[in-house]
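Let's walk through this chain together, from its overall make-up down to single side chains. Please keep the sequence and the 3D view open as you read.

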Amino acid sequence: CTDQGLQVYDYESKKTLRRIASHQMCTCLDLTEENRFLVFGTANRLIEMKDYTQETFQDFLGHADRVSRLRFNPSKDLLISTSANEILVWRRSSE
């Protein structure tokens, strides 16, 4: 994560494969096993989920403090996020 968004980097070729724009500095990150969905939290209490293949996004706003951790559940239909004193559970919209 950078202040410009996310960079997907291939260590073998030592090249940036893709840049995913964001206007927020990310504080935490998770992705689905097939690497289709990237989700990251920000210091500004926002959660951004990006579809890597379709370049679509979904935002989640609801934390009262900086987002500190994110994890998808095993079936990938729920996203669990935490901040200083909150745990929130989000349902991902249908694809």
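The paragraphs below move from the whole chain to its strands, its cores and a few chosen residues.

A word on the ground rules comes before the tour. This is a predicted model, in which local features need pLDDT of at least 70 and side-chain atom pairs count only at pLDDT 80 or more, while totals for chains, interfaces and linings use all residues. Residues are numbered from 1 along each chain as its sequence is written, and side-chain values use heavy atoms, with hydrogens and water left out.

Let's begin with the secondary structure. The chain has nine strands and zero helices; both are DSSP runs numbered from the N terminus, with helices being H or I of at least four residues and strands E of at least two. Read from the N terminus, the order of elements is β-β-β-β-β-β-β-β-β. Of the 95 residues, 36% count as buried, where buried means under 20% relative accessible area, exposed means over 50%, and partly exposed is in between (1.4 Å probe, protein chains only). The accessible surface of the chain comes to about 6300 Å², and 48% of it belongs to carbon and sulfur atoms; these areas come from the Shrake-Rupley method with a 1.4 Å probe, and for residues only the protein chains shown count as cover. Contacts (heavy atoms within 4.5 Å) add to the picture: among those between residues at least 6 apart in sequence, 27% join residues at least 24 apart.

Now for the sheet. Strands of a sheet pair through backbone hydrogen bonds, either parallel or antiparallel. Here, four strands form an open sheet in the order β3-β4-β5-β6, with antiparallel pairing; two strands pair if DSSP finds at least two bridges between them. β3 (26–31) and β6 (57–61) stand at the edges with a single partner strand each, so one side of each is left without a neighbour in the sheet. On average, neighbouring strands of this sheet are turned by 20° against each other, direction ignored, as judged from axes that are lines fitted to C-alpha atoms (for helices over the stretch in contact), with angles running from 0 to 180 degrees between N-to-C directions. Five bridges join the antiparallel strands β4 and β5, and Val-39 has Met-49 in β5 as its bridge partner.

Which residues make up the largest nonpolar core? The eleven are Cys-28, Phe-37, Val-39, Ile-47, Met-49, Phe-60, Val-67, Leu-70, Phe-72, Leu-79 and Trp-90. A nonpolar core is a set of buried Ala, Val, Leu, Ile, Met, Phe, Trp, Tyr and Cys residues joined through side-chain atoms within 4.5 Å. β4 (37–42), β5 (46–51) and β7 each supply at least two residues of this core. Apart from it lies another core of five residues, including Leu-6, Ile-20, Cys-26 and Phe-40. Val-39 is a good residue to click on: beyond four places in sequence, its contacts include Cys-28, Ile-47, Met-49, Leu-70, Phe-72 and Leu-79.

From the core we can follow β7 outwards. Its covered face holds Leu-70 and Phe-72, and its uncovered face holds Arg-69 and Arg-71. Four bridges join β7 to β8, and the two run antiparallel; Leu-70 has Ser-81 in β8 as its bridge partner. Their hairpin has five residues between the strands, where Lys-76 takes a positive phi near 65°. Arg-71 counts as partly exposed because its relative accessibility is 48%. Its C-alpha lies 5.9 Å from that of Asp-30, although the two are 41 residues apart in sequence. In β8 you will find Thr-82, which is buried because its relative accessible area is 19%.

Last come the charged pairs. There are two salt bridges, each a side-chain nitrogen of Lys or Arg within 4 Å of a carboxyl oxygen of Asp or Glu. Glu-48 and Lys-50 form one of them, at 3.2 Å from N to O, and both residues are buried. Asp-77 and Arg-91 form a salt bridge with their closest N and O atoms 3.5 Å apart. This pair links distant parts of the chain, with Asp-77 in the loop between β7 (69–72) and β8 (78–82) and Arg-91 in strand β9 (residues 87–91), 14 residues apart. Asp-77 counts as partly exposed because its relative accessibility is 28%, whereas Arg-91, at 59%, counts as exposed.
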